[in-house]
Amino acid sequence: MRVVAVPGTTFCGLTNSRSTENRRGDFFSCPSHRSMASNGTKMANGFNATQKRILVTGGAGYIGSHTVLQLLEEGYKVVIVDNLNNSVEEAVKRVVGLAGKNGNNLRFCLVDLCDKDALDKVFSSSRFDAVIHFAGLKAVGASVANPLLYYYNNLVGTLNLFEVMKTYSCKKLVFSSSATVYGQPKSVPCTEDFPREAVNPYGQTKLFVEHMCYDMQKADHEWGIILLRYFNPVAAHPSGLIGEDPRGVPNNLMPFVQQVAVGRRSELTVYGNDYPTKDGTGVRDYVHVMDLADGHLAALRKLFNSSDTGCAAYNLGTGKGVSVLEMIEAFERASGKKIPYRLAARRPGDCAEVYASTQKAERELNWKAKYGVEEMCRDQWNWASQNPWGYNAPRADSNGTANHGCGSMLGNGRA
Ligand SMILES: NC(=O)c1ccc[n+]([C@@H]2O[C@H](COP(=O)([O-])OP(=O)(O)OC[C@H]3O[C@@H](n4cnc5c(N)ncnc54)[C@H](O)[C@@H]3O)[C@@H](O)[C@H]2O)c1
Ligand SMILES: O=c1ccn([C@@H]2O[C@H](COP(=O)(O)OP(=O)(O)O[C@H]3O[C@H](CO)[C@@H](O)[C@H](O)[C@H]3O)[C@@H](O)[C@H]2O)c(=O)[nH]1
């Protein structure tokens, strides 16, 4: 792997082969990448992905890494911008490995979106056809405890990104929104025109960014923006090499279940069995991360193929509600492990039942989730059993600094 630092910023080229990036970091101008582009995948939808370069913020994270892999497999050139706040370099390395020769079309930039000058340098060194904006802090509880951190990171970072995109006339955007913008929905399934409300600071940041997007597009019709409202992302790439690796105690159901299964935690707490649902436990719309990644490619296709996208929101879910107990049983079947659990009081702020209407995404993005709960649990377990401690499992050759890959990359790059 060759590591490149561009003077004045902290670019790191991640590639699994010899590369010829120049000092401006113009990674894709090298002859080997030109030839890859000309031999790459031709898309059937009226444009050639190999001629498109996508900036992916937060591309080292859980959903971002799966999406970057699919973009590379489709033939896109990809630049990740991530500050590794909630992710590790190892995830990006594994994406490069999984992408095979298309891994050469990936560049990684260790940049914080709150650093506008650094972001500007990324845009000044490459032209981007579109941005997928995943980067953000996402833990609901932490946002309640430290709202300013969430407002600063998620809103200042996003403002910087949009300003720089405008400066460089990059006006196609896919934004990671969330079902959280429906607050406590009055009925199910949630359709995209439901009233939106935020019930915590994290949700406020998603709502604010949605407002920013609508207003920006209203003021300048050249923008094409797709807001993807994810329901409950779970599972992992079928290889078991990339997946979700939360820091600290997991907040979400499936990461917790998987840690019980591998013996990292003794039991799961099931929050509430007195909801007016099929078995009394909370019902959610779990969606496989591979389907979510597909949804981003479908959104890009729409942005590239139509000039009148405007600013449009789409739910990404399966449209099916699954209870906590059903999810536990499916995971037990997939893993052959017993998941001990105890019933406890409801978790404050939780809804009884939330699931998506998926008709708009089916109709307008031509996207529909392919995977069901059995496949979700199979792939969750495949990832968990191969990586019981996530990406940072102590290895024989490790000196205990696996958590600080970013520092070592920068060190190499500057040398
Ligand atoms: N996972 C979910 O349950 C879920 C549900 C709905 C919406 N979302 C949204 O989807 C997006 C991706 O979620 P994820 O689950 O992959 O989370 P993640 O934490 O795994 O990935 C987010 C990435 O953004 C990076 N990041 C954060 N702040 C940054 C900054 N200022 N500059 C540069 N990089 C920064 C992190 O290091 C991380 O790699 C987030 O915006 C999240 O709010 C997630
Ligand atoms: O240890 C746990 C964790 C969760 N649950 C229950 O499992 C269900 C799902 O919970 P969780 O995985 O935490 O997801 P949500 O509360 O639905 O929230 C997720 O999904 C929302 C919609 O995408 C996002 O807005 C949030 O950020 C994201 O955390 C709920 O009924 C919880 O009460 C438990 O019983 N025990």
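**Entry 1: getting started**

A strand, as I use the word here, is a DSSP run of E with at least two residues, and strands are numbered from the N terminus. With that settled, I noted that strand β9, residues 268-271, gives the largest share of the shell around ligand 2, 4 residues. I keep in mind throughout that this is a predicted model.

**Entry 2: ligand 2**

I went through the surroundings of ligand 2 next. I found 21 residues around ligand 2, with Phe-231, Asn-252, Thr-269, Arg-284 and Asp-350 the closest. By class, this shell divides into 11 nonpolar, 7 polar and 3 charged residues.

Then I looked up polar partners. Thr-269 places a backbone N or O atom 2.7 Å from a nitrogen atom of ligand 2. Arg-284 uses a polar side-chain atom, 2.7 Å from an oxygen atom of the ligand. For Ser-178, an N or O atom of the side chain is 2.8 Å from an oxygen atom of ligand 2. How much of ligand 2 does the protein bury? Ligand 2 taken alone exposes 690 Å², and the protein buries 88% of that.

**Entry 3: a closer look at Ser-178**

Ser-178 had come up as a partner of ligand 2, and I wanted its setting. I located Ser-178 in strand β6. Is Ser-178 buried or exposed? Ser-178 counts as buried because its relative accessibility is 11%, and the cut-off for buried is under 20%.

Leaving out residues up to four places away in sequence, I listed Tyr-202, Lys-206, Leu-228, Arg-229 and Tyr-230 as the residues that Ser-178 touches. I also checked a pair of C-alpha atoms: Ser-178 and Gly-203 are 25 residues apart in sequence and 8.0 Å apart in space. Closer along the chain, the side chain of Ser-178 reaches the backbone nitrogen of Thr-180 at 2.9 Å.

**Entry 4: ligand 1**

On to the other ligand. I found 26 residues around ligand 1, and the closest are Asp-82, Asn-86, Ser-87, Lys-138 and Tyr-202. Tyr-202 was already in my notes as a residue touched by Ser-178. The class split of the shell around ligand 1 is 11 nonpolar, 11 polar and 4 charged residues.

I noted three polar pairings here. A side-chain N or O atom of Lys-138 is 2.7 Å from an oxygen atom of ligand 1. Ile-63 offers a polar backbone atom, 2.8 Å from an oxygen atom of the ligand. Asn-83 has a backbone N or O atom 3.2 Å from a nitrogen atom of ligand 1.

Ligand 1 exposes 810 Å² when taken alone, and the protein buries 95% of that area. Which elements give two or more residues to its shell? I get α2 (62-74), β6 (172-178) and α7 (201-219). The largest share, 3 residues, comes from β6, and β6 is also the strand that holds Ser-178.

**Entry 5: helix α8**

I then picked helix α8, residues 253-261, and asked how many of its residues are buried. The result is 9 of the 9, so α8 is largely enclosed by the rest of the structure. Among the buried residues of α8 are Leu-253, Met-254, Phe-256, Gln-258 and Gln-259. What covers them includes β8 (232-234), β9, β11 (286-288), α10 (324-335) and α12 (373-386). Just after α8, I saw that Gly-263 takes a positive phi of about 90°.

**Entry 6: nonpolar cores**

In soluble globular proteins, nonpolar side chains tend to be buried together. I looked for such groups here. The largest nonpolar core holds 51 residues, and those touching the most other members are Ile-54, Leu-71, Tyr-76, Val-78, Leu-106, Leu-228 and Leu-300. Helix α9 (residues 289-305) supplies the largest share of this core, 8 residues.

I followed Ile-54 outwards, setting aside its neighbours within four places in sequence. Its contacts include Leu-71, Tyr-76, Val-78, Phe-128, Ile-132, Leu-300 and Phe-304. A second, separate core has 28 residues, including Val-81, Val-164, Cys-213 and Trp-223.

**Entry 7: Thr-358**

I closed with Thr-358, in the loop between β14 (341-344) and α11 (359-365). Thr-358 is buried, with a relative accessible area of 11%. Its side chain makes a polar contact of 2.9 Å with the side chain of Glu-362. Beyond four places in sequence, Thr-358 touches Gly-317, Thr-318 and Gly-319.

Technical notes. Residues numbered from 1 in each chain as written. Chains lettered and ligands numbered in written order. Predicted model: local features only at pLDDT ≥ 70, side-chain atom pairs only at ≥ 80, totals over all residues. Heavy atoms only, no water. Near = heavy atom within 4 Å. Polar contact = N/O pair within 3.5 Å; in protein donor to acceptor, adjacent residues only side chain to side chain. Areas by Shrake-Rupley, 256 points an atom, 1.4 Å probe, with all protein chains shown as cover. Nonpolar A, V, L, I, M, F, W, Y, C, P; charged D, E, K, R; others polar. Core = buried A, V, L, I, M, F, W, Y, C linked by side-chain atoms within 4.5 Å. Buried < 20%, exposed > 50% of the residue type's maximum accessible area, 1.4 Å probe, protein only. Contact = heavy atoms within 4.5 Å.
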